[in-house]
Amino acid sequence: LSPPGVLPLCRQPPAWGRAARRSSDLSFAPCRAFSNNKILVELNESSGIAVMKFKSPPVNSLSLDFLTEFCIGLEKLENDRACRGVIFTSNVPKIFSSGLDITEMYGKSTEHYVEFWRAVQEMWLRVYGSNMVTIAAINGTSPAGGCLIALSCDYRIMVENPKFSIGLNEAQLGIMAPFWFKDTFVNVVGYRVAERSLQLGSLYPAPEAHKIGLVDELVPEEKLQERAAAVMAQWLALPDHARQLTKSMMRKAVLDRLVAHREEDIQNFTTFISKESIQKSLRMYMEMLKKKG
């Protein structure tokens with residue numbers, strides 16, 4: 001059954017090989033689109049490629065509602081045999097995702113913090129462990145949780161604009177990135193770069209992000225979707241089972257580590273975020289953002 005407001009996806013057999021022939025075709029049949037309040041999903045039935053567009057202005061912050069819709073959308077694609085790959089991008093100008101919604105972590109009950117953090121975990125587990133090919137088409141700035149989504153993908157393409165930056169900058173907010181954020185980061189950029197970046201809460205302009213391997217390539221903004229489709233076609237040219245087994249081999253230990261310590265991680269988060277000093281730090285950061293706005 002589809003959640004309220006979500007149209008069921010049409011089904012058709014896997015599109016073996018067709019993605020390579022239709023690599024730049026991102027025109028989508030209307031019956032293959034479904035949308036919630038904060039996520040738009042479009043599935044091209046010819047290529048087997050879906051695009052998930054974040055549409056939660058002003059900055060695509062990862063609220064509980066956003067995370068819930070994100071996981072519902074991804075689960076629907078995972079269960080649709082016609083879909084073999086998904087491209088994540090933003091429908092909001094100049095921002096991919098600003099990361100976790102601070103209002104979800106300030107002045108709420110312990111029960112709310114538990115629910116919120118479980119949703120953050122679920123988002124990561126689904127993206128990092130997805131059987132589909134996942135590509136981040138990063139068309140704007142992407143700090144913290146937004147960076148985590150990109151890091152969790154198989155491949156990252158970013159607009160070459162140096163005004164756009166990306167990184168796990170939790171330290172700047174007085175927050176420590178969880179171990180599974182760290183593990184994902186280390187697996188992409190290596191231990192030394194990750195250690196320095198996490199301690200300093202570094203945000204890297206697009207050219208620097210490419211230099212350290214945080215993103216795989218840079219393209220002009222007008223070429224982003226075309227390039228993402230072309231890269232997707234390269235990945236989909238391989239037999240799914242070989243790629244999926246290899247991905248599982250590479251990522252299983254990191255995924256299993258969170259699964260084994262999931263409740264402990266939730267407890268650590270709720271204890272930390274409930275501290276008076278952390279709540280004060282978040283309040284000051286929110287006030288600073290209001291002044292900037």
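**Two helix pairs in a predicted model**

Helix 3 and helix 9 lie roughly antiparallel to each other, because the angle between them exceeds the cut-off of 145 degrees. This is a predicted model, and the angle in question is about 165°. Helix 3 covers residues 110–128 and helix 9 covers residues 240–260, with the two axes 10 Å apart. The crossing of helix 3 past helix 9 is left-handed.

The side of helix 3 that takes part in this contact is made up of Gln 121, Trp 124, Leu 125, Val 127 and Tyr 128. These residues meet Lys 247, Arg 251, Val 254, Leu 255, Leu 258 and Val 259 of helix 9. Sorted by class, the contact of helix 3 with helix 9 holds 8 nonpolar residues, 1 polar residue and 2 charged residues.

A second pair is formed by helix 5 and helix 6. Helix 5 spans residues 179–189 and helix 6 spans residues 191–200. Their axes are 7 Å apart, and the packing angle is about 135°. Helix 5 is therefore oblique to helix 6, since angles count as roughly antiparallel when over 145 degrees and as roughly perpendicular from 65 to 115. Helix 5 passes helix 6 in a crossing that is right-handed.

From helix 5, the contact draws on Lys 182, Phe 185, Val 186 and Val 189. Helix 6 contributes Tyr 191, Val 193, Ala 194, Ser 197 and Leu 198. By class, the contact of helix 5 with helix 6 comprises 7 nonpolar residues, 1 polar residue and 1 charged residue.

Technical notes
Residues are numbered from 1 along each chain as its sequence is written. This is a predicted model: local features need pLDDT of at least 70, side-chain atom pairs count only at pLDDT 80 or more; totals for chains, interfaces and linings use all residues. Side-chain values use heavy atoms; hydrogens and water are left out. Axes are lines fitted to C-alpha atoms, for helices over the stretch in contact, and angles run from 0 to 180 degrees between N-to-C directions. Helices (H or I, at least four residues) and strands (E, at least two) are DSSP runs, numbered from the N terminus. Angles under 35 degrees count as roughly parallel, over 145 as roughly antiparallel, 65 to 115 as roughly perpendicular and the rest as oblique. A crossing is left-handed if the near helix is turned anticlockwise from the far one by less than a right angle, and right-handed if clockwise. Contact means heavy atoms within 4.5 Å. Ala, Val, Leu, Ile, Met, Phe, Trp, Tyr, Cys and Pro count as nonpolar, Asp, Glu, Lys and Arg as charged, and the others, Gly among them, as polar.
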